[in-house]
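The following exercises are intended to be worked with the sequence and the coordinates at hand. Each task is followed by a solution in steps.

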Amino acid sequence: MSPGVLLSFIIGYFLVLLVISWLTSRKSSDNDTFFVANRNSKWYLVAFGMIGTALSGVTFISVPGKVGAPSGDQFAYFQFVLGNAAGFIIIATVLLPLYYRMKLTSIYSYIEHALGAWSYKTAAGIFLISRVIGSAFRLYLVVIVLQKFIFDSYGVPFAVTVLICLLLIWGYTFKGGLKTIIITDSLQTLFLVSSVFLSIYFICRSLNVNVFEAADMIKNSSYSKIFFFSDFMTSHFHFTKQFLGGLFITVGMTGLDQDLMQKNLSLSNIREAQKNMFSFTGVFVVINIFFLSVGALLYMYAAKNGITVTKTDYLYPTIALKYLGIVPAIVFMLGLTAATFATTDSALTALTTSFCVDFLNFNKGKDVNSKKMISIRHYVHVGFSGLMLLTIMLFNAINNDAVVSAIFKVASYTYGPLLGLYAFGLFMSSRQVRDKLTPFICVISPAISFYLSTHSAELFGYTFDNELILINGLITFAGLLLASTTKTKTVVA
C-alpha cells in the first residue's frame, strides 16, 4: 500500500485529536483541568478509554505475534490476563477506596503519610523511571512500524519520526491534559476495538471462511493451548507463574501507577470509580481473547501463503499492510496508532502530574492555578517529552528482544519496590520505618531480584517469569521491616 495514503490517514487522525483538544480546553486549561479533569469525568468514558491505555501497541502487535512464536507460547498469555483481572478487582476494592478517602491528586502522597518524606520521594521517583521506560518501549514499537512502512520511503531518519510523534502528542495534551485525554482515549479505543474485529473479518475473508469456521480452526489448531500445568520448576508458561505475575504486575503497573489511577481519581466519587474498574475488567478480558485469536489466524494465513518474518512483532503489520488490501491496511494503521498514542499521551500527563505534585509540591502551594504554576507545568511537560525521545533512541540502539517481554521484565524490577512500600504502609501501621534507608532498600531489592532471575535455574532448578515482581516486592517489604521500629504512642495530657 502507498506510504502516502497511510500518511494522509494518520495526519487526518491527528487533526481530529487536535480539534478535540481545542474544544475541551478552550474554556479551561488550568492545572486542576490538567491533573484531575476538575473531578467531574463520566465513569463510562473513563472505563472505555482505559481499554486503549491498558492495551497499547504492545498488545496490538506483540501478543498476536507471540501466539506462534518458536518458544511455544500459543494462548499462554491468557493465563496472565486472568491474573490481570484478579488484580483489577483488588485495585477496585482495596486501593481506590484508600485514594478517595485521602482525596489524592498523586497517589504517592499516601506513602508520605504512611512512611515518611524519603519513602514518598522514592516511590514517586520509581514511578517516573518506570513509566518513562515503559512508555518509551510502547511508543518505540509503533515508531518502528511507521518507519518501516511510511517514513523510510521519504528518507526520514528514525529520530525525526520519534520527534514528530512526540510533538503531535504534546500538541493535543499540553493544555487540556487529563480532560482532553479522557475524550481522545475514548475515540482511540473505538479505533482500536474496531480494528481488532475488522482484522478478524478481513483475515477470515482472505482464508475463505466465516467467523464460526475460523473459531473451529483456531480451536483445532496447534496455537490454541491456554493452560499450562506441567514442569512448574523450569517452564515460563506454568499457570501459577503467569497468573501470579499478571495479578501483581496489574496491582503494581495499574493500582500503584499514577497513569491509570489518575483517570479514576478524576471521577466524582468512589462508587463511580469502582463501576469504571469492574466494567473495564470485563471488556479487557474479552478483548484479549480476540487479540490472541487474531494471532492464530495470522499464522494460519502466513502458512497458507508462504509468508515468513524475521521477528514475531513484524507478523501483524507485514500481513495487514502488504497482503490484505487497502482497507485492512488503513484499519490496522489506525488501530495501531490509536493503541499506542492512547498510552503515551496519558503517560506524559501522568509523568507531568507526578513531578509537579510530588517533587515541585504543587499540592502544597496556595494557588496551583496561577500563571506561574501553569507555566512551570508546561516546561515539565516538554521536559518529559524530551526524556522519552532520548529513551527511545537508546532502546533502539540496544533492543534485541520482543518488546512485550522487555516491558514486563523491566516492570518486574521497577514496580516490585512499589508493591513492598504500599504493602508495608497498609499492613504494618504499628511499625515506623527508618525513612532515610528506604531509597537504599528500593535499589537493593531489584538488584537481588535481577541476580535471582539470572541464577535461579542453576541455584534452585527454578526459572522465574512474571511472578518475579512478587519476589521483588517481598524483598522490599522484608527490608523495610528490618529497618523499622515499633511506633511509640504519644500521650496527650
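A residue counts as buried when its relative accessible area is under 20%, as exposed when that area is over 50%, and as partly exposed in between. The model used here is a predicted one.

**Exercise 1. Cysteines**

Task: Determine whether C165 is buried or exposed, classify C442 in the same manner, and state how many disulfides the structure holds.

Solution.
Step 1. C165 has a relative accessible area of 4%, so this residue is buried.
Step 2. For C442 the relative accessibility is 6%, and C442 therefore also counts as buried.
Step 3. A disulfide requires two cysteine sulfur atoms within 2.5 Å of each other. The number of disulfides in the structure is 0.

**Exercise 2. Helix α12 and its ends**

Task: Compare the expected span of helix α12 with the distance between its end C-alpha atoms, then describe what is found at each end of the helix.

Solution.
Step 1. Helix α12 covers residues 270-305, which is 36 residues.
Step 2. The expected span is 1.5 Å times one less than the number of residues. For α12 this rule gives 52 Å, and the end C-alpha atoms are 52 Å apart, so the two values agree.
Step 3. At the N-terminal end, N269 acts as the cap, with a side-chain oxygen 3.1 Å from the backbone nitrogen of R271.
Step 4. After α12 comes G306, which has a positive phi near 65°.
Step 5. Within the helix, K275 and E272 form a salt bridge whose closest N and O atoms are 3.2 Å apart. These two residues of α12 are 3 residues apart, about one turn of the helix. K275 is partly exposed, at a relative accessible area of 39%.

**Exercise 3. Helix α8**

Task: Carry out the span check for helix α8 and state which residue just after α8 takes a positive phi.

Solution.
Step 1. The 29 residues of α8, residues 178-206, should span 42 Å at 1.5 Å a residue.
Step 2. The distance between the end C-alpha atoms of α8 is 41 Å, which agrees with the expected span.
Step 3. The residue sought is N208, with a phi of about 60°.

**Exercise 4. Salt bridges**

Task: State how many salt bridges there are, and explain which parts of the chain the pair R131 and D257 ties together.

Solution.
Step 1. A salt bridge requires a side-chain nitrogen of Lys or Arg within 4 Å of a carboxyl oxygen of Asp or Glu. The count by this rule is 3.
Step 2. One of them joins D73 to K66, with 3.6 Å between the closest N and O atoms. D73 is buried, at 9% relative accessibility.
Step 3. Another joins R131 to D257, with the closest N and O atoms 2.9 Å apart. R131 belongs to helix α6 (residues 117-149), while D257 lies in the loop between α10 (239-255) and α11 (258-264), so the pair ties together parts that are 126 residues apart in sequence.
Step 4. Both partners are buried: R131 has a relative accessibility of 5%, and D257 has a relative accessible area of 0%.

**Exercise 5. Positive phi in loops**

Task: Locate K103 and D231, and decide how accessible each of them is.

Solution.
Step 1. Most residues other than glycine have a negative phi.
Step 2. K103 is not a glycine, yet its phi is positive, at about 55°. K103 is placed in the loop between α4 (77-102) and α5 (109-114), and its relative accessibility of 71% makes it exposed.
Step 3. D231 likewise has a positive phi, near 55°. D231 is located in the loop between α9 (211-219) and α10, and is partly exposed at 46%.

**Exercise 6. Polar contacts of Q147 and S266**

Task: Identify what the side chain of Q147 reaches, and which backbone oxygen lies 2.6 Å from the side chain of S266.

Solution.
Step 1. Q147 lies in helix α6 and is buried, with a relative accessible area of 8%.
Step 2. The Q147 side chain reaches the backbone oxygen of V156 at 2.7 Å, and a polar contact of 2.5 Å links it to the side chain of T161.
Step 3. Beyond neighbours within four places in sequence, Q147 is in contact with D152, V156, P157, F158 and T161.
Step 4. S266 is in the loop between α11 and α12 and is buried, at 0% relative accessible area. The backbone oxygen in question is that of K263.

Key: Residues numbered from 1 in each chain as written. Predicted model: local features only at pLDDT ≥ 70, side-chain atom pairs only at ≥ 80, totals over all residues. Heavy atoms only, no water. Buried < 20%, exposed > 50% of the residue type's maximum accessible area, 1.4 Å probe, protein only. Helix = DSSP H or I, 4+ residues; strand = E, 2+ residues; numbered from the N terminus. Polar contact = N/O pair within 3.5 Å; in protein donor to acceptor, adjacent residues only side chain to side chain. Contact = heavy atoms within 4.5 Å.
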